[in-house]
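Reader: I'd like a close look at just one part of this model, the strand in the middle of the sheet pairing and whatever sits around it. Could you walk me through that part in one go?

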Amino acid sequence: MDKNNLIKEYTNGEITIVWQNTKCIHSGMCVKKLSLVFQPKSQPWIKMDNASSEAIAKAVSQCPSGALSIKK
Ligand code: SF4
């Protein structure tokens, strides 16, 4: 089954995360680094209010696939 190429944005008003589902290799790195923010079983799965912009940006930078990025 083909995965739809889904691009979603999540913002806290300060920074915006872009998430591209087809790039995600499900390493779980984001969840491991910042489980208060990245909650795959929840909707929306990224909770932008649960950490500082700095902490979120750091976790995003550690995503190995590029599925998560910060919108410039
Ligand atoms: S760190 Fe990136 S590749 Fe890994 S599960 Fe999170 S979004 Fe997917």
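Author: Here is a walk along strand S2, its partners and the ligand's surroundings.

Keep in mind that this is a predicted model. Strand S2 covers residues 16–20, and it is mostly covered, with 5 of its 5 residues buried. Look at how the side chains alternate: Thr-16, Val-18 and Gln-20 point one way, while Ile-17 and Trp-19 point the other way. Whichever way they point, all of these residues are buried.

Now for the partners. Strand S1, residues 7–11, runs antiparallel to S2, and 5 bridges join the two. If you want a spot to anchor your eye, take Tyr-10, whose bridge partner in S2 is Ile-17. Between S1 and S2 the hairpin has 4 residues, and in that hairpin Gly-13 takes a positive phi near 90 degrees.

S2 also pairs with strand S3, residues 68–70, again in the antiparallel sense, this time over 3 bridges. Here the landmark is Val-18, which stands opposite Ser-69 in S3.

From the strands, move on to the ligand. Trp-19, one of the S2 residues pointing the same way as Ile-17, is also among the residues around the ligand. So is Leu-68, and S3 begins at residue 68. The rest of the shell is made up of Cys-24, Ile-25, His-26, Ser-27, Gly-28, Met-29, Cys-30, Cys-63, Pro-64 and Ser-65. Sorted by class, that shell has 8 nonpolar and 4 polar residues, and no charged ones. As for where the ligand is, it sits in the largest pocket.

You'll have spotted the cysteines in that list. Cys-24 counts as buried because its relative accessible area is 19%, just under the 20% cut-off. Cys-63 is buried too, because its value of 18% is also under 20%. As for cross-links, a disulfide is a covalent bond between the sulfur atoms of two cysteines. With sulfur atoms required to be within 2.5 Å, the count comes to 0 disulfides.

One last stop, starting from Met-29 in the ligand shell. Val-60 and Met-29 are 31 residues apart in sequence, yet their C-alpha atoms are 9.2 Å apart in space. Val-60 lies in helix H2, which spans residues 53–61. With a relative accessible area of 5%, Val-60 is under the 20% limit and therefore counts as buried.

Terms used:
Residues numbered from 1 in each chain as written. Predicted model: local features only at pLDDT ≥ 70, side-chain atom pairs only at ≥ 80, totals over all residues. Heavy atoms only, no water. Buried < 20%, exposed > 50% of the residue type's maximum accessible area, 1.4 Å probe, protein only. Pairing = 2+ DSSP bridges. Near = heavy atom within 4 Å. 1 Å grid on protein atoms, 1.4 Å probe; cavity = no way out; pocket = protein on both sides within 12 Å on 5 of 7 lines; lining within 4 Å. Sits in = over half its atoms within 2 Å of the grid points. Nonpolar A, V, L, I, M, F, W, Y, C, P; charged D, E, K, R; others polar.
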